[in-house]
Structure formats: C-alpha cells, structure tokens
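Please open the model in your viewer with the chain drawn as a cartoon, and keep a selection panel at hand. The tour goes from one selection to the next and says at each stop what is to be found there.

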Amino acid sequence: RSPRTARSPAVTVRQTGEFENIHPAVDAALYRLAQESVTNAVRHSRQATEVDVHVHGDNNAVRLTVVDDGAASPGTPSPGYGIIGMTERAKLLGGTLDVGPRNGGGWSVEAVLPRRDDAG
C-alpha cells in the first residue's frame, strides 16, 4: 500500500438569511450547483486546503458562493461540461452564474437564483 500523498480540502458550509418558501426547482438547483462546485474544487483545485460554501437568502433571491484557496491557475481556463451545465441550470431559472479564478489564487463560483421559478 502506498501512502496517501494528496489530501482533500476541508469543506465548510454556511447558511445565512431567509430560506422559507423557496420554490422546489430553485432548491434543487442550489443543491446541484453546490454539489458540482465542490466536486470541481476537490478534483481540480491545485493545493487547495479549504472550500467555503456560503448560501444566503433574501427577499428576492438566493446567492450561492463557493470559493477555494488553491494556487492560481496559469492561463485562461476553458469551461468544461460541468460549468456549461451549471450555467444552463441557473439561466433556466432566471438566474446568473459567474465562475472563474480569484485574484490571489483559487477559484470562485457565484450563482444568484430568484426565490421563485419564473420559468414555470
């Protein structure tokens, strides 16, 4: 057995604000977006030790922010199928998704979804 050399980053989840009466489609999308964001951070972040997941609900929208503290990635990243799917999921619900490297290193994903499913 070879010793484990790579260590998965610690994941911290925080919730703030109001979460009552969120449409089930929005709730499910938030879960899937968070899941894909954390999976991407664990799989692809270089030297990350922490992944912070923050979900904040207000009267109009729910904001999901996932950031890691990994090393800065050289060059401009190209979006993979996971990011494309996340973008489509947010847009279908009338929301937005912003994904990319953070100043100083690491990666950031921010989704803002309306509390109600305007698409149906």
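Leaving aside its neighbours within four places in sequence, which residues is Leu64 in contact with? Select Leu64 in this predicted model and show everything around it: beyond those sequence neighbours, Leu64 is in contact with Leu30, Leu33, Ala34, Val53, His54, Val55, Val109, Glu110 and Ala111. The residue has its place in strand β3, and Leu64 counts as buried because its relative accessibility is 1%, where buried means under 20%. To follow one of these contacts in space, draw a distance between the C-alpha atoms of Leu64 and Ala34, which are 7.3 Å apart although 30 residues separate them in sequence.

**The whole chain**

Now zoom out and colour by secondary structure, so that the two helices and five strands of the protein chain can be told apart. Read along the sequence, these elements follow the pattern β-α-β-β-α-β-β. Of the contacts in the chain with a separation of 6 or more, 67% are accounted for by residues 24 or more positions apart. If you switch on the surface, its accessible area comes to about 7900 Å², and carbon and sulfur atoms hold 47% of it. Of the 120 residues, 35% count as buried.

**The largest nonpolar core**

In soluble globular proteins, nonpolar side chains tend to be buried together. Select Val53, Leu64, Val66 and Leu113 as sticks: of the 21 residues in the largest nonpolar core, these four touch the most other members. At least two residues of this core are supplied by each of α1, β2, β3 (61-68), α2 (81-92) and β5 (107-114), and α1 gives the most, with seven residues.

Staying with helix α1, select Ser37, which has its place there. Ser37 counts as buried because its relative accessibility is 4%. Not counting residues up to four places away in sequence, Ser37 touches Val66, Met86 and Val109.

**The second largest pocket**

Next, select Val13, Gln15, Phe19, Ile22, Asp27, Leu30, Tyr31, Ala34, Gln35, Val53, Val55 and Leu64, the residues that line the second largest pocket. The elements that give two or more residues to this lining are β1 (10-17), α1 (24-44) and β2 (50-57). Which element provides the largest share of the lining of the second largest pocket? That share, five residues, comes from α1. The volume of the second largest pocket is about 250 Å³. Colouring the lining by residue type separates nine nonpolar residues from two polar ones and one charged one.

**Strands β3 and β4**

Return to strand β3 and select Val67, which lies in it. Is Val67 buried or exposed? At 19% relative accessibility Val67 counts as buried, since the cut-off for that class is under 20%. Apart from residues up to four places away in sequence, Val67 touches Glu50, Val51, Asp52, Arg102, Trp107 and Ser108. For Val67 and Ser108, 41 residues apart in sequence, the C-alpha atoms are 4.4 Å apart in space.

From Val67, draw a second distance to Gly100, which is found in strand β4 (residues 96-101). The C-alpha atoms of this pair, 33 residues apart along the chain, are separated by 9.8 Å. With neighbours within four places in sequence left aside, Gly100 is in contact with Trp107 and Ser108, both of which also appear in the list of residues that Val67 touches. Gly100 counts as buried because its relative accessibility is 11%.

**Two loop residues with positive phi**

Finish with the loops. Select Asn21, which lies in the loop between β1 and α1; Asn21 has a positive phi of about 60° although it is not a glycine. Then move to the loop between α1 and β2 and select Gln47, which is likewise not a glycine and has a positive phi of about 65°. How do these two residues stand with respect to the surface? Asn21 counts as exposed because its relative accessibility is 64%, and Gln47 counts as exposed at 68%, where the cut-off for exposed is over 50%.

Note on methods
Residues are numbered from 1 along each chain as its sequence is written. This is a predicted model: local features need pLDDT of at least 70, side-chain atom pairs count only at pLDDT 80 or more; totals for chains, interfaces and linings use all residues. Side-chain values use heavy atoms; hydrogens and water are left out. On a 1 Å grid over the protein atoms alone, a cavity is a set of points where a 1.4 Å probe fits but cannot get out, and a pocket is an open set with protein on both sides within 12 Å along at least five of seven lines; lining residues have an atom within 4 Å of a point. Grid points are joined across faces, edges and corners, and a volume is the space filled by probe spheres set on the points. Helices (H or I, at least four residues) and strands (E, at least two) are DSSP runs, numbered from the N terminus. Ala, Val, Leu, Ile, Met, Phe, Trp, Tyr, Cys and Pro count as nonpolar, Asp, Glu, Lys and Arg as charged, and the others, Gly among them, as polar. A nonpolar core is a set of buried Ala, Val, Leu, Ile, Met, Phe, Trp, Tyr and Cys residues joined through side-chain atoms within 4.5 Å. Buried means under 20% relative accessible area, exposed over 50%, partly exposed in between (1.4 Å probe, protein chains only). Contact means heavy atoms within 4.5 Å. Accessible areas come from the Shrake-Rupley method with a 1.4 Å probe; for residues, only the protein chains shown count as cover.
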